[in-house]
Amino acid sequence: MSVAGAGLEGGVSVRLTTAGGRVRAVSVRVRRPAAARALCGRTPEEAMRLVPLLFSLCGTAQSLAATAALEGALGLDARPHAAARALLADAEAATNHAWQVLMDWPARLGEASRPRELAALRAAAAALHPALYPARDGLRPGGGSLRPDRAALAAAIAALREGVERTVFAAPPPTDAAELERWAGAAGTPAARLMRRVLAPDMAGFGACRVPALEPHPAGWFGERLSADAAFSEVPRQNGAPAHTGPLARRSAHPLVAALLSTHGPGLAAHAAARLVELAELAERLASQADRLKDAEPAPDGGRTGHGVGSGAVETARGRLAHWLRLENGRIADCRIVAPTEWNFAADGPLAQGLAGAAADGALAERAGLLAAALDPCVASAITIQDED
């Protein structure tokens, strides 16, 4: 028996049963804190103070999803804040990708992690909120006083760009499969060395399965399903079937990712490349959003009396996150959340299907750990392998 990972508050438990040199059974179980329940009974103001405390990994994205849901329930039109919010969400997603590449990937190679480099990227990302909202009031229903500081934004985006290019790539980011192989072969950074590992024949296609990508559904699509069925938050379905969400779902049409999908299918190589593609596109995306910014005030009172329903959806590093809630008498009467972990670690989802039937050799634990990391749970994961021979 072998065990990888450890469970803390909440966790993903994966049990592989092997026999005859193959994985014969896969059990995936997700245990997450009931954060949505903690928001029930709160006023909107109380809830928005609590959200970033409940969700330490994606606090900005969770706040944005909750904010959008509350705005729907309160009848607030915050569209003038859309570009600023997209910028904040993308910057947080980039730092979460960077955690994988600078902390997790080196550890999987037996190398030292890069906490100082990660801290510098996080500091640059943290500078964006006050550069947009001097009063730091952007993450609330209706938005705050948006006053973009162009110089401060440009400096923060430049710091993010330089940090990613230096620590992740140390060269121009690869744009096609041939460039990716050359970059990985040069092994100039931990990211390149991890990519070289997953491009190996025994790794590249590992975990490929036929689970489709989650489509970029609008918030209302999630709201309809969450409101109709509380179980959707724990066992979500698209067209009655599981789906995967995250970088690979979003970047499957990119030429580099598409080439790997064509050659190896949606396995480890495609997952890793999609994450790198998103990091490489970071600066351009943030600069484009910054160019669209205009001064804006908080949304005017929508005129509702504390009763209503609303939903919000945000793309995070891990995939699409959605909130739905119902207000009664100015307090949250019900709240439901479906996070990327529930899609990617469903009992019959992409991890389970990707591991089923895999070769049970000496590298199974490494490959399974890499696949779980590629699908990126927001809680700790543990993999147990039980050989029945």
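In this predicted model, three strands form an open sheet in the order S4-S5-S6, with antiparallel pairing. S4 and S6 occupy the edges and have a single partner strand each, so one side of each lacks a neighbour in the sheet. On average, and ignoring direction, neighbouring strands of this sheet are turned by 15° against each other.

The pairing can be followed strand by strand. Eight bridges link S4 and S5 in the antiparallel sense, and within this pairing Gly310 has Leu325 in S5 as its bridge partner. Strand S5 (residues 320-328) is in turn joined to S6 by seven bridges, and these two strands also run antiparallel. Here His323 stands opposite Ile337 in S6. S5 and S6 make up a hairpin with two residues between them, and Asn329, in the turn, has a positive phi of about 55°. Although S6 stands at an edge of the sheet, six of the eight residues of this strand (residues 331-338) are buried, so S6 is largely enclosed by the rest of the structure.

A helix accompanies the sheet. Helix H10 (residues 219-228) lies across S4, S5 and S6 and runs at about 60° to S5. A helpful residue to inspect here is Ser311, which belongs to strand S4 (residues 308-315). Beyond its neighbours within four places in sequence, Ser311 is in contact with Ala68, Ala69, Ala219, Gly220, Gly223, His323 and Trp324. The Ser311 side chain also reaches the backbone oxygen of Ala219 at 3.3 Å. Between Ser311 and Leu226, the C-alpha to C-alpha distance is 9.2 Å, with 85 residues separating the two in sequence.

Turning to the helices, H3 (residues 59-74) and H4 (residues 82-108) pack at an angle of about 150°, and their axes are 8 Å apart. The two helices are therefore roughly antiparallel to each other. On the H3 side, the contact involves Gly59, Thr60, Ala61, Leu64, Thr67 and Glu71, which meet Arg85, Leu88, Ala89 and Glu92 in H4. By character, the residues of this contact comprise four nonpolar, three polar and three charged.

Finally, a buried arginine deserves a look. Arg275 is located in helix H13 (residues 268-280). This residue counts as buried because its relative accessibility is 2%. With its neighbours within four places in sequence set aside, Arg275 is in contact with His97, Gln100, Val101, Trp105, Pro247, Ala373, Ala374 and Asp376.

Definitions and conventions. Residues are numbered from 1 along each chain as its sequence is written. This is a predicted model: local features need pLDDT of at least 70, side-chain atom pairs count only at pLDDT 80 or more; totals for chains, interfaces and linings use all residues. Side-chain values use heavy atoms; hydrogens and water are left out. Axes are lines fitted to C-alpha atoms, for helices over the stretch in contact, and angles run from 0 to 180 degrees between N-to-C directions. Helices (H or I, at least four residues) and strands (E, at least two) are DSSP runs, numbered from the N terminus. Angles under 35 degrees count as roughly parallel, over 145 as roughly antiparallel, 65 to 115 as roughly perpendicular and the rest as oblique. Contact means heavy atoms within 4.5 Å. Ala, Val, Leu, Ile, Met, Phe, Trp, Tyr, Cys and Pro count as nonpolar, Asp, Glu, Lys and Arg as charged, and the others, Gly among them, as polar. Buried means under 20% relative accessible area, exposed over 50%, partly exposed in between (1.4 Å probe, protein chains only). A polar contact is a pair of N or O atoms within 3.5 Å; within protein, one must be able to donate a hydrogen and the other to accept it, and residues adjacent in sequence count only if both atoms are side-chain atoms. Two strands pair if DSSP finds at least two bridges between them.
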